[in-house]
Amino acid sequence: MEKTNDNKMEKIISLAKRRGFVYQSAEIYGGLAGSFDYGPLGAELMFNIKDLWWRTFVSGREDMYGLASSLMMPEAVWQASGHLDGFTDPMVECKKCKRRFRADHIENTKECPECKGELGEEKTFNLMFPVELGSTEGETSRAYLRGENAQGMFVNFKNILDSFHPKLPFGIAQIGKSFRNEISPRDFLFRVREFDLAEFEYFVRESDWEKTFEYWKEEMWKWVDAVGINKESVHELEVPENDRAHYSKRTVDFEFDYPFGRKELYGLAYRTDHDLKAHMEHSKVSLEYLDDSTGERFIPHVVEPTFGMGRTLLAVLVSAYTEEEVKEGEKRIVLKFKKSIAPVKVAISPLLKNKEALAGKAREVFDMVRKEIPQIMYDDNGNIGKRYRRQDEIGTPYCVVIDFDTLEDDTVTVRDRDTMKQERVKIDELLKYLDFSG
Ligand code: GAP
């Protein structure tokens with residue numbers, strides 16, 4: 001791993017913790033490997049990313065149906081989908097220290113990378129998390145935490161047909177948690193055991209899959225740009241057959257240049273009619289689509305764009321993280337988020353904390369702005385220079401300062417995060433002045 005990049009990841013992880021974006025889960029108990037909690041700013045940032053995704057791919061389109069299905073689903077679902085047999089990673093276990101590793105992630109599959117002990121035979125390891133339901137012993141039934149959101153869409157396919165009678169092509173979408181018992185979670189938010197996933201199943205006639213695949217590939221590129229991921233750091237990878245998921249006939253991955261290497265960000269898969277066909281066979285319920293105009297009945301095919309939300313947040317942080325020399329010998333760290341997704345949009349400060357008249361006026365401006373822009377912060381900690389540095393570090397697009405002139409002429413200073421330029425703006429023109437389109 002390149003030293004400078006390695007360093008960049010450490011800096012981002014440390015900033016994320018210091019400023020309340022991401023914490024290790026249950027840290028006071030030593031943490032849980034592969035689990036992270038979003039702090040106040042991380043939660044707002046994630047909310048904004050998901051909100052943008054939902055508006056882009058679901059509520060902003062007429063051909064998409066939103067869904068929020070259960071996280072626990074019966075064993076039969078996963079039997080039918082092939083996840084109980086095919087959702088596996090190759091694993092090796094050290095005979096001495098008993099640690100487990102992804103066989104495809106280590107270079108020497110004979111020697112333990114931790115203790116140099118002898119590694120056992122390669123085995124397949126299933127990633128699904130079983131849960132036993134029921135409170136009386138002997139009366140349990142097995143369910144699984146979902147390993148992908150997609151199955152919620154397939155098992156609700158008939159419900160959507162019956163409720164809405166959609167015409168092909170159309171999609172069913174959801175955002176929510178997925179769970180995978182990863183053998184070796186690592187690289188911060190990149191590989192964890194529970195993660196937010198946004199995906200949709202787009203149903204088409206078989207003959208239309210290729211053009212649909214190209215269409216969604218382009219839309220995914222537009223999303224990358226809209227959410228604030230550096231496009232030059234994203235690369236398409238045609239996934240070879242032996243690396244594709246068991247359900248896919250074609251997969252293109254969108255890879256991102258993380259500081260720890262080029263790895264998967266998103267996926268786009270052609271799932272054929274694999275899932276609907278399997279659920280129809282196992283459930284004995286017809287999942288055919290009826291074309292009213294021709295009377296044809298058939299099982300639609302599926303193109304599936306999938307977006308890990310944790311990886312999105314990580315790629316957004318990596319893309320936004322900038323170190324700049326402000327003047328000779330003075331540096332600033334700034335998160336150059338797209339203004340529309342910044343977790344705090346505006347910080348409002350009195351120039352001096354303990355001058356009552358300034359604080360009173362600042363509160364007035366704060367209340368006025370908050371009615372229109374909920375993600376704002378009242379910041380009167382430290383001196384103004386320190387406040388600017390802190391707000392830069394959390395990516396706040398605008399800092400508004402109330403000073404003695406404000407009391408005379410009802411104008412405030414507005415500082416722009418990226419240019420650091422300051423302008424005097426009339427209070428009654430402030431809301432119009434603040435621009436979050438970039
Ligand atoms: N329904 C298709 C599907 O689940 P996938 O490639 O297995 O496809 C989808 O996963 C996306 O979920 C990936 O592109 C990635 O963004 C994210 N993802 C997968 N495993 C993850 C993990 N262990 N931690 C964080 N994100 C993960």
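## Strand pairing and the β23–β24 hairpin

Two strands are taken to pair when DSSP finds at least two bridges between them. In this predicted model, β23 and β24 are joined in the antiparallel sense by 5 bridges. The two strands form a hairpin with 5 residues between them. Within that turn, Met420 has a positive phi of about 65°. Across the hairpin, Arg415 stands opposite Gln422 in β24.

On another pairing, strand β23 (residues 411-416) runs antiparallel to strand β22 (residues 398-402), and 4 bridges join the two. The bridge partner of Cys399 in β23 is Arg415, and that of Val400 is Val414.

## The five-strand sheet

These strands belong to an open sheet of 5 strands with mixed pairing, in the order β21-β20-β22-β23-β24. The edges are occupied by β21 (376-378) and β24 (422-426); each has a single partner strand, so one side of each is left without a neighbour in the sheet. From one strand to the next, the twist averages 25°.

Strand β23 has 6 of its 6 residues buried and is therefore largely enclosed by the rest of the structure. In a regular strand, the side chains alternate between the two faces of the sheet. In β23, Thr411, Thr413 and Arg415 point one way, while Val412, Val414 and Asp416 point the other way. Residues of both sets are buried, Arg415 and Asp416 included.

## The seven-strand sheet

A further open sheet has 7 strands, again with mixed pairing, in the order β3-β10-β11-β17-β14-β13-β12. Its edge strands are β3 (64-66) and β12 (234-238), each with a single partner strand, so one side of each is left without a neighbour in the sheet. Neighbouring strands of this sheet are turned by 25° against each other on average, direction ignored.

Within this order, strand β14 (residues 261-272) pairs with strand β17 (residues 301-308) in the antiparallel sense, over 6 bridges. One residue pair in this contact is Ala269 with Glu304, its bridge partner in β17.

## Helix α7

Helix α7 (residues 209-227) comprises 19 residues. From its first C-alpha to its last, α7 reaches 27 Å, close to the 27 Å expected at 1.5 Å a residue. Just after the helix, Gly228 takes a positive phi of about 100°.

The buried residues of α7 include the aromatic side chains Trp209, Phe213, Trp216, Trp221 and Trp223. Thr212, Met220, Val224 and Val227 are also buried, as are Lys217 and Glu219. An α-helix has 3.6 residues a turn, so residues three or four places apart point the same way.

## A nonpolar surface patch

Leu352, Phe404 and Leu407 make a nonpolar surface patch of about 240 Å². Of these residues, Leu407 lies in helix α12 (residues 404-409). Leu407 has a relative accessible area of 37% and is therefore partly exposed, since that class lies between the limits of 20% for buried and 50% for exposed.

## Val92 in strand β5

Val92 is located in strand β5 (residues 88-93). At 1% relative accessibility, Val92 counts as buried, because the class covers values under 20%. Val92 and Tyr266 are 174 residues apart along the chain, and their C-alpha atoms are separated by 27 Å.

Notes:
Residues are numbered from 1 along each chain as its sequence is written. This is a predicted model: local features need pLDDT of at least 70, side-chain atom pairs count only at pLDDT 80 or more; totals for chains, interfaces and linings use all residues. Side-chain values use heavy atoms; hydrogens and water are left out. Axes are lines fitted to C-alpha atoms, for helices over the stretch in contact, and angles run from 0 to 180 degrees between N-to-C directions. Patches are made of residues with over 30% relative accessible area and no salt bridge: like charges are joined within 9 Å, nonpolar side chains (Val, Leu, Ile, Met, Phe, Trp, Tyr) within 5 Å. Accessible areas come from the Shrake-Rupley method with a 1.4 Å probe; for residues, only the protein chains shown count as cover. A salt bridge is a side-chain nitrogen of Lys or Arg within 4 Å of a carboxyl oxygen of Asp or Glu. Buried means under 20% relative accessible area, exposed over 50%, partly exposed in between (1.4 Å probe, protein chains only). The expected span of a helix is 1.5 Å times one less than its number of residues.
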